[in-house]
Amino acid sequence: MITGKNYIGNALKGSGSKTFKTFNPQLNKETSWQFIEATEEELKEAVTLAWDAFKEFQKTTGTQKATFLRAIADEIEALDNELIETYCAESGLPEGRAKGERGRTCFQLRMFADLVEDGSWVDASIDIANKDRQPNPKPDLRKMLIPIGPIAVFGASNFPLAYSTAGGDTASALAAGCPVVVKSHPMHAGTGELVASAILKAAKNTKMPNGVFSNLNSSGIEVGKLLVNHPLIKGVGFTGSIGGGRALFNMAAEREEPIPVFAEMGSINPVIVLPKALKQKGKEWAKKYASSITLGTGQFCTNPGLILGIAGEELEDFISTLGEEIEKVEPMCMLNPGILSRYEENKKKMLAENDVSIVTDYSSNVPQNYAKQAVITADGESFLKNPQLHQEVFGPFSLVVKFQNKEQLTEAIANLEGQLTGTFISEDNEVEDYGDVVHALQNRVGRVIFNGVPTGVEVCTAMQHGGPYPASTDSRFGAVGVQGIQRWVRPLSFQDWPNHLLPDALKNDNPLQILRTVNGDKTKDAI
Ligand code: NAP
């Protein structure tokens, strides 16, 4: 049941006076629930509880954490239709998407459960002592990863489940042994409260300490600012705009004790379409890209917002088919009137730029809160000169740029801001003639795709979801897949400690049976 209150650990509290409602964009009206923003006292209580819980939670075994994470997934599934209906009401997204995202969320939780149950993720590394070494004896050194402390998680507007309350950031932080305080996204506070209730039910049933999880409501930036500035918060996970992510990053850096902020932000995901590929399968690719640009009303961080090609007949044909195909797509609802108005405003700015031509700007009437898709073109020289053309238009929009030659294309890519993805559309070995372009692209992105679309992010170990700034604040890490756990840990070395006082992961007989690096070799053997 949605109460509109905050979860301060296990307790529901709502002593504040600031309230807000979520919005149903399909019905174009507010939902019935009223949410109470967390007060400063409630926030402080949540963080203090998280800090107290950390002392115990960091000592829970991998098996106990796995049981907790699997119980969260089970409790989310048990919310059944109430969750799906709330998700759809607060986002305007269809039921199929809601169910798919719930599946992904539970999959991620169970994936982290498997990881921590296995235990090898702590990256135990042992260098055995050598008392006889000359001129000085070598000490016994043993290193492993340990959790950093309570984490503040900012949910994403465009993924109410998979990148919000119990999404990838929360799942990875809990798996690492870090308590989590979520700053719920105001656009889907009801979905957030339901998921929070599932997490806390799972926590109680698996005997996790009170404070291991809290959920704070807020509409406006005050709660988020207080959270990031609280001295007992030790890391931040964020998905959203460049402005929001950068503001939190700066705040965290200015604290007396700076803390890491892992923000996943904007990306226009350049796609390079090569001439032979367009000659042979231009129509097919245009169709695929019309779908990819408009998928989820373009509200994906991997949306292909920039298509780059070599000027010529093939590219012209591709552009005109892309225009026709995109015109055929039924417009869809955006998440919220605020996101829609930002889309319309940014699109208008792009359309008004010098030297751009409109291929399609959907002109028929659409229901309230539906977005009208658009594709525009520009030439390579204008693109190189005008940084405004490099900006993200979050929604169903793409810019196609026509370059004179490979050199101009390479220069444009080398000067792009950091991106999550970059894609090549190539026929056979055509890409081999574009070595410099490939090299330039690899330096600007976190994932390079060959003959595909960037939308659709597989959750697996080899996925990289993050890229050079401003795609993310730290391109060495990713927000998708099990390696996301590395954002919430730090290495700790033990020197010359007695075996019985070492953590199990580092003991001689390897009681956890984990894979370790012993004197440089990977092994599960005892010492
Ligand atoms: P957002 O405005 O960045 O907000 C995300 C979260 O961060 C919200 O909970 C927000 O709180 C909080 N926040 C933002 N600025 C803050 C600040 N200065 N201090 C403290 N907290 C702050 O993103 P959004 O609401 O998801 O969507 C807005 C726009 O972001 C979209 O129109 C789109 O352009 C972009 N976006 C991009 C991606 C992407 O993947 N590239 C994904 C989602 C959104 P409040 O809402 O309570 O103020």
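Helix H8 provides the largest share of the shell around the ligand, with four residues. In this predicted model, H8 spans residues 242-254, and helix H11, at 337-351, joins it in supplying at least two residues each to that shell. The ligand also brings two parts of the protein into the picture: domain 1 (44-265 + 478-487) and domain 2 (270-450) each give at least three residues to the shell.

A look at the make-up of this shell is a helpful next step. Its residues divide into 12 nonpolar, 10 polar and five charged. Altogether 27 residues surround the ligand, and those that come nearest are Ser157, Lys183, Gly220, Ser241 and Cys301.

Polar contacts with oxygen atoms of the ligand come from side chains and backbone alike. Gly220, one of the nearest residues, places a polar backbone atom 2.8 Å from a ligand oxygen. From His185, a polar side-chain atom lies 2.9 Å from an oxygen atom of the ligand. Arg342 likewise offers a polar side-chain atom, here at a distance of 3.1 Å from a ligand oxygen. On its own, the ligand has 860 Å² of accessible area, and the protein covers 88% of this.

The cysteines make a pleasant short case study. How many disulfides does a search of the whole structure find? The search returns zero. A disulfide is a covalent bond between the sulfur atoms of two cysteines, and the cut-off applied here asks for a pair of cysteine sulfur atoms within 2.5 Å. For Cys106, the closest cysteine sulfur belongs to Cys88 and is 15 Å away, so the two are too far apart for a bond. Is Cys106 buried or exposed? With a relative accessible area of 1%, Cys106 is buried, because its value falls under the 20% limit for that class. Cys178 is buried too, at 0% relative accessibility.

Away from the cysteines, Ala277 deserves a brief mention. This residue is found in helix H9, which covers residues 275-294. Ala277 has a relative accessibility of 0% and therefore counts as buried. What separates Ala277 from Gly266 in sequence and in space? The two residues are 11 positions apart along the sequence, while their C-alpha atoms are 28 Å apart.

Methods:
Residues are numbered from 1 along each chain as its sequence is written. This is a predicted model: local features need pLDDT of at least 70, side-chain atom pairs count only at pLDDT 80 or more; totals for chains, interfaces and linings use all residues. Side-chain values use heavy atoms; hydrogens and water are left out. Buried means under 20% relative accessible area, exposed over 50%, partly exposed in between (1.4 Å probe, protein chains only). A residue is near a molecule or strand if one of its heavy atoms lies within 4 Å of it. A polar contact is a pair of N or O atoms within 3.5 Å; within protein, one must be able to donate a hydrogen and the other to accept it, and residues adjacent in sequence count only if both atoms are side-chain atoms. Accessible areas come from the Shrake-Rupley method with a 1.4 Å probe; for residues, only the protein chains shown count as cover. Ala, Val, Leu, Ile, Met, Phe, Trp, Tyr, Cys and Pro count as nonpolar, Asp, Glu, Lys and Arg as charged, and the others, Gly among them, as polar. Domain bounds come from an automatic or database domain assignment.
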